Amino acid sequence: DKLKIWMSRNSNYYQVSRCADLGPAARILTEEFYSHRTNFITFQIERLKTSLSLESTFPKRDSTSRCDMFNQPLKQMFVACNNKDGTVLGFAEVDASPLMTINYAEERNKNNENSTNNI
């Protein structure tokens, strides 16, 4: 019982990201990817670019969003937060959208059929 109480007081939690979480998420991503190879000015530029990128790909909660057969969104952003004050500690983006691949054999067959029909 003491372990459960300690864990509930000290553990972190995760949640679906809100738009307000994108600023802290951009800070985390920028620090991890760019802090060792930028100066103060270029770091701020990279942070702004990361923030704008996250905002532009933030999943929309409307009727046009793509969902799977269980009506779950195919793209989701999550944040890990501090249990005590809600500070964003981590960020993850999950994208289950199908890959856009071209079946080259089918394309080649279609092209061959079109070229033989033109003869």
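**Close-up views of a predicted model**

Ile-41 is a residue of helix α3, which spans residues 40–56. The model shown here is predicted.

**View 1. A nonpolar patch on the surface includes Ile-41.** Phe-40, Ile-41 and Ile-45 make this patch. Its area is about 350 Å². Is Ile-41 buried or exposed? Ile-41 has a relative accessible area of 58%. The cut-off for exposed is over 50%, so Ile-41 counts as exposed.

**View 2. Three strands form an open sheet.** The strand order is β1-β2-β3, and the pairing is antiparallel. Strands β1 and β3 stand at the edges. Each has a single partner strand, so one side of each has no neighbour in the sheet. From one strand to the next, the twist averages 25 degrees. Strands of a sheet pair through backbone hydrogen bonds.

**View 3. Strand β1 pairs with strand β2.** Strand β1 covers residues 13–16, and β2 covers residues 75–81. How many bridges join them? There are four, in the antiparallel sense. Gln-15 stands opposite Val-79 of β2. Val-16 stands opposite Phe-78, also in β2. In a regular strand, side chains alternate between the two faces of the sheet.

**View 4. Strands β2 and β3 form a hairpin.** Strand β3 covers residues 88–95. Seven bridges link β2 and β3, again in the antiparallel sense. Which residue of β3 is the bridge partner of Cys-81? The partner is Val-88. Six residues lie between the two strands of the hairpin. Gly-86 sits in the turn and has a positive phi of about 80 degrees.

**View 5. Helix α2 lies across β2 and β3.** The helix covers residues 22–34. At what angle does α2 run to β3? The angle is about 95 degrees.

**View 6. Asp-21 is buried in a loop.** This loop lies between β1 and α2. Asp-21 has a relative accessibility of 4%. The cut-off for buried is under 20%, so Asp-21 counts as buried. Which residues does Asp-21 touch, not counting those up to four places away in sequence? They are Gln-15, Val-16, Val-79 and Val-88. Gln-15 and Val-79 stand opposite each other in the pairing of View 3. Val-88 is the bridge partner of Cys-81 in View 4.

Conventions:
Residues are numbered from 1 along each chain as its sequence is written. This is a predicted model: local features need pLDDT of at least 70, side-chain atom pairs count only at pLDDT 80 or more; totals for chains, interfaces and linings use all residues. Side-chain values use heavy atoms; hydrogens and water are left out. Two strands pair if DSSP finds at least two bridges between them. Patches are made of residues with over 30% relative accessible area and no salt bridge: like charges are joined within 9 Å, nonpolar side chains (Val, Leu, Ile, Met, Phe, Trp, Tyr) within 5 Å. Accessible areas come from the Shrake-Rupley method with a 1.4 Å probe; for residues, only the protein chains shown count as cover. A salt bridge is a side-chain nitrogen of Lys or Arg within 4 Å of a carboxyl oxygen of Asp or Glu. Buried means under 20% relative accessible area, exposed over 50%, partly exposed in between (1.4 Å probe, protein chains only). Contact means heavy atoms within 4.5 Å. Axes are lines fitted to C-alpha atoms, for helices over the stretch in contact, and angles run from 0 to 180 degrees between N-to-C directions.
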